[in-house]
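User: Please take a close look at one part of this model, the strand pairing and a residue within it, and set it in the context of the whole chain. A formal, connected account would be appreciated.

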Amino acid sequence: MTRADHRDVLRYERVLSDPLRVAVALRLDKGAQRQAGGGMTVLCPWHSERSPSCSLTRRPDGTLLAHCFACGVNSDVFGLV
């Protein structure tokens, strides 16, 4: 892996683990609310709702976790896509 490849990987890792960036990129930021600790509560992409019930948080290992408290779906960032 070249240095440029390594920089790209690090950049993608930062983007894919940032709840706000992911919410904006996937257009989940309408009505979104910030959580303590840097997470976001967004409208759930898996079911229709009027108030945000899906939490986007960064796990201790740096990956993004999506959890909907209404429908119970858990996913990583790729499941959101």
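Analyst: In this predicted model, residues 24 or more positions apart account for 24% of the contacts with a separation of 6 or more. The secondary structure comprises three helices and five strands, and along the sequence these follow the pattern α-α-β-β-β-β-β-α. The C-alpha trace spans about 45 × 25 × 20 Å along its principal axes. Of the 81 residues in the protein, 25% are buried. The accessible surface comes to about 5,600 Å², and carbon and sulfur atoms hold 53% of that area.

The five strands form an open sheet in the order β1-β2-β3-β4-β5, and the pairing is antiparallel. Its edges are β1 (33–34) and β5 (74–76), each of which pairs on one side only. At the β5 edge, the partner is strand β4 (residues 64–68): three bridges join β4 to β5, and the two run antiparallel. Within this arrangement, Leu65 stands opposite Asp76 of β5.

Leu65 also leads to the residue that merits the closest inspection, since Leu65 is among the residues that Ser55 touches. Ser55 belongs to strand β3, which covers residues 54–58. Ser55 counts as buried because its relative accessibility is 8%, and the cut-off for that class is under 20%. Leaving aside residues up to four places away in sequence, the contacts of Ser55 are with Gln35, Met40, Thr41, Leu65, Ala66, His67 and Phe69. Of these partners, Leu65, Ala66 and His67 fall in the range of β4, residues 64–68. With Gln35 there is also a polar contact, made between the side chain of Ser55 and the side chain of Gln35 at 3.0 Å.

A contrasting setting is found on the surface. Tyr12, Val15, Leu16 and Phe78 make a nonpolar patch of about 390 Å². Helix α1 (residues 3–16) gives the most to this patch, contributing three residues. Val15, one of the patch residues, is found in helix α1. Val15 counts as partly exposed because its relative accessibility is 31%, and that class lies between the 20% limit for buried and the 50% limit for exposed residues. The value also satisfies the requirement of over 30% relative accessible area for patch residues.

Taken together, Ser55 is a buried residue of the sheet, with a side-chain polar contact to Gln35, whereas Val15 is a partly exposed helix residue that helps to make the nonpolar patch.

Notes:
Residues numbered from 1 in each chain as written. Predicted model: local features only at pLDDT ≥ 70, side-chain atom pairs only at ≥ 80, totals over all residues. Heavy atoms only, no water. Patch = residues over 30% accessible without salt bridge, like charges linked within 9 Å, V, L, I, M, F, W, Y side chains within 5 Å. Areas by Shrake-Rupley, 256 points an atom, 1.4 Å probe, with all protein chains shown as cover. Salt bridge = Lys/Arg side-chain N within 4 Å of Asp/Glu carboxyl O. Helix = DSSP H or I, 4+ residues; strand = E, 2+ residues; numbered from the N terminus. Buried < 20%, exposed > 50% of the residue type's maximum accessible area, 1.4 Å probe, protein only. Pairing = 2+ DSSP bridges. Polar contact = N/O pair within 3.5 Å; in protein donor to acceptor, adjacent residues only side chain to side chain. Contact = heavy atoms within 4.5 Å.
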